[in-house]
Amino acid sequence: MKIDIYSPESYTSGIPHEEFAWLRANAPVYWHQHPQGGGYWVVSRHADVVTVSRDFKTYSAEQGFVMVDDMDDDILQMVRNQLLGMDPPRHAPLRRAVITRFTSKRLAALEPQVREIARGIMERAGAMDELNFVEDLAGDLPTAVICSLLDIPEDMWPQIRRWSDLCTSASDPDLGGTPEEVNQASIEMGTYGFQLACERKDKGGDDLISLLINQEVDGEKVTEAEFASLFVQIAVAGNETTRGLISSGLYLLAKHPEAYRELEANPELLPSAVEEMLRWTCPLHYFRRTATCETELAGQVIAAGDRVVMLYSSANFDENVFIKPMDFDIHRNPNPHLAFGYGIHLCLGANLARMEARLFLEEFFRKFRGLELTGEPTYICSNLVHGYKEMPARLLARD
Ligand code: HEM
């Protein structure tokens, strides 16, 4: 079988299930050519993705960061200040500092505010006739939540969203803009983060920025430059992914009216349904590691320095782990999907994203009796981000 899972165009019809199934069955650790020369290992089975994620000594996030394309040294230095780009021992102290804002107690305290935001969104949506569900509806909640956590002035929210979209969707000409604009976006966003850090240093605020910038990590304060990278990651990580979960999740419900009706009548089933949406929508197809030494995975020798790509969106459909993986089953239990990764880098915002999706759906059900798709949705053209860019729909108001 001809395998091309690098080209962003390979994802414009969604997850390439056929190719992924072939890889899992025939070449679970597969050498894939890279268009800029050389290649990389593609790991497609659930068990092997877990092994790579777990073994941070052999598979480094810091050495070459988490994107399949190698980065220039100056950018690599910058992204190594993101949690996602740190190995132990740097990783744990910073992660411990950030995680204090994402505990279940903190999230429970945040819930009324997030619900309020979701209600406002439904009110505004109620006045629209036909809309692009992704842009007009699903995107507002993640941006508002992340910006509230960071205490960013409301007039800056659209700008944060635009920057973060540019950072994640560079390969889609409809979204990404020119390479210069994409570079510019990450520089401007970092500069804005730097400014915020300077403003809030030693001011004793209670938002996530103040917490981070005034925090000692191993006896040293986070510098403004380190903070700027971290800021970009948190703002970007929380936007596109959660929007993808919400819009693709609702699409799945529109295509499975029996599940829609069941959830509408029994919202207590939403947490389990959201897990199944995560398995299906898997907003990030992959993250990468770099082998620190020669090793072996599923019988395949991997050389020191090799790139290793963990295909989450394949692992989530591994027939050795999920019974009838192609069934959308809101009652699936257990559901050990890998949409949030695994191991020391397991998504820090996982429970926040779950809560946002649940509250969005609860408020959606309250206001609307359904949605009608008025055209086929189109996928973002990307080998990293899995989600729709456009989903034309009409909302059916309750009478
Ligand atoms: C549906 C939504 C989301 C998905 C699918 C998602 C997915 C992921 C994945 C796959 C990882 C990497 C795990 C690994 O390398 O093993 C990750 C890490 C991370 N995510 Fe998320 N994410 C989502 C939402 C969020 C939100 C809302 C936030 C912030 C508020 C966030 C912040 C982070 C951070 C800070 C990390 C790095 C953690 C570390 O390296 O220790 N994410 N996420």
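Let's start with a pair of strands: S4 (residues 130–132) and S14 (residues 392–397) pair in the antiparallel sense over three bridges. Here, strands are DSSP runs of E with at least two residues, helices are runs of H or I with at least four, and both are numbered from the N terminus; two strands pair if DSSP finds at least two bridges between them. Within this pairing, Glu130 has Arg394 of S14 as its bridge partner.

S14 has another antiparallel neighbor, strand S11 (residues 368–373), and five bridges join the two. Arg394 turns up again here, with Glu372 standing opposite that S14 residue.

A word on the model: it's predicted, so local features need pLDDT of at least 70 and side-chain atom pairs count only at pLDDT 80 or more, while totals for chains, interfaces and linings use all residues. Numbering runs from 1 along each chain as its sequence is written, and side-chain values use heavy atoms, with hydrogens and water left out.

Now for the ligand. It is surrounded by 28 residues, meaning residues with a heavy atom within 4 Å of it. The closest are His91, Arg95, Arg289, His345 and Cys347. By class, that shell has 18 nonpolar residues (Ala, Val, Leu, Ile, Met, Phe, Trp, Tyr, Cys and Pro), eight polar ones (the others, Gly among them) and two charged ones (Asp, Glu, Lys and Arg count here).

What about individual atoms? A polar side-chain atom of His91 sits 2.7 Å from a ligand oxygen, and a polar side-chain atom of Arg95 also lies 2.7 Å from an oxygen of the ligand. Helix H4 (91–99) is among the elements giving two or more residues to the shell, along with helix H11 (224–255), strand S7 (286–291) and helix H15 (350–367). H11 provides the largest share, six residues.

Definitions and conventions
A polar contact is a pair of N or O atoms within 3.5 Å; within protein, one must be able to donate a hydrogen and the other to accept it, and residues adjacent in sequence count only if both atoms are side-chain atoms.
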